[in-house]
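Here are a few short exercises to work through with the structure open in your viewer. Try each one before reading its solution.

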Amino acid sequence: SQSGKRTISLSVASDEGSDISEMELEMTVKATEIPLSAFLYSHDDLTVRFTDMSDYAVSYYWEFGDRRTSTLREPVHTFSAEGQYTVSQVVRNRACADTSVQVIILKPNLAVPGTPQPALKIYPVPANRYIIIETDAISDNDIFVAIYTSGGRLIRQTESKAGTARIVIDVDTWPAGTYILNIRSGNEQFTTKIPVIR
């Protein structure tokens, strides 16, 4: 059950006597990695893109709250109507399974067709010292930014008041790797992956 040094002994016996031999072995026990379910999502109107944030998963099962399911790692699902949906992700490996649940609220974008929409700019990519987030229009809602490791651990969370058009996040002390950036403002969410290099 645990790693370490063990003394292994073998004894034999017969009518003429007995003998015993011992040997010390260094043994390593590798525990099975337990799966951990986690996900983010972003949506455009009623189409939702799910980003997997789980650890140690080998299979996936999604329930979208509208009697539809998926076994893809990162499904894209279009709901038939606006409303509130309870979405669950079940991840498994040979050890066991884990489930996470989020309630999402969907409202169609009320944009007039042909009307230019505010663009979201994130740069530089890859990042080295900082990440800059810019929008072409002033938001009427507060902006919430969360950054996760590729394993789903939250490492930075910040909030900017309505009217902010530029956010700068310092990444100078972060280890090299890929991070998940989630931006939320009002009912809108956007998720992307940001590589950090050294």
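**Exercise 1.** Count the aromatic pairs in this predicted model, then classify the contact between Phe79 and Tyr85.

*Solution.* Start with the count: ring centres within 6.5 Å make a pair, and by this rule you get eight aromatic pairs. Next, take Phe79 and Tyr85: their centres lie 4.3 Å apart, with 40° between the planes. Planes under 30 degrees apart would be stacked and over 60 edge-to-face, so 40° makes this pair tilted. Both residues, Phe79 and Tyr85, are buried. Finally, follow the ring pairs outward: they link Phe79 and Tyr85 with Phe39, Tyr41, Phe50, Trp62 and Phe64 into a cluster.

**Exercise 2.** Work out which strands stand at the edges of the open four-stranded sheet.

*Solution.* First write down the strand order, which is β13-β12-β15-β16, paired antiparallel. Then look at the ends: β13 (154–160) and β16 (188–196) each have a single partner strand, so one side of each has no neighbour in the sheet. As for the twist, neighbouring strands here are turned by 15° against each other on average, ignoring direction.

**Exercise 3.** Find what stands opposite Phe144 in β13, and which charged end sits over the Phe144 ring.

*Solution.* Begin with the strands: β12 (residues 143–149) runs antiparallel to β13, and six bridges join them. Across from Phe144 you'll find Glu159 of β13. Now check the ring of Phe144: the charged end of Arg184 sits over it, 4.6 Å from the ring centre. That's inside the 6 Å distance cut-off for a charge over a ring.

Terms used: Residues numbered from 1 in each chain as written. Predicted model: local features only at pLDDT ≥ 70, side-chain atom pairs only at ≥ 80, totals over all residues. Heavy atoms only, no water. Pairing = 2+ DSSP bridges. Helix = DSSP H or I, 4+ residues; strand = E, 2+ residues; numbered from the N terminus. Axes fitted to C-alpha atoms, helices over the stretch in contact; angles between N-to-C directions. Phe/Tyr/Trp six-rings, centres within 6.5 Å; stacked < 30°, edge-to-face > 60°. Buried < 20%, exposed > 50% of the residue type's maximum accessible area, 1.4 Å probe, protein only. Lys NZ or Arg CZ within 6 Å of the ring centre and 35° of its normal.
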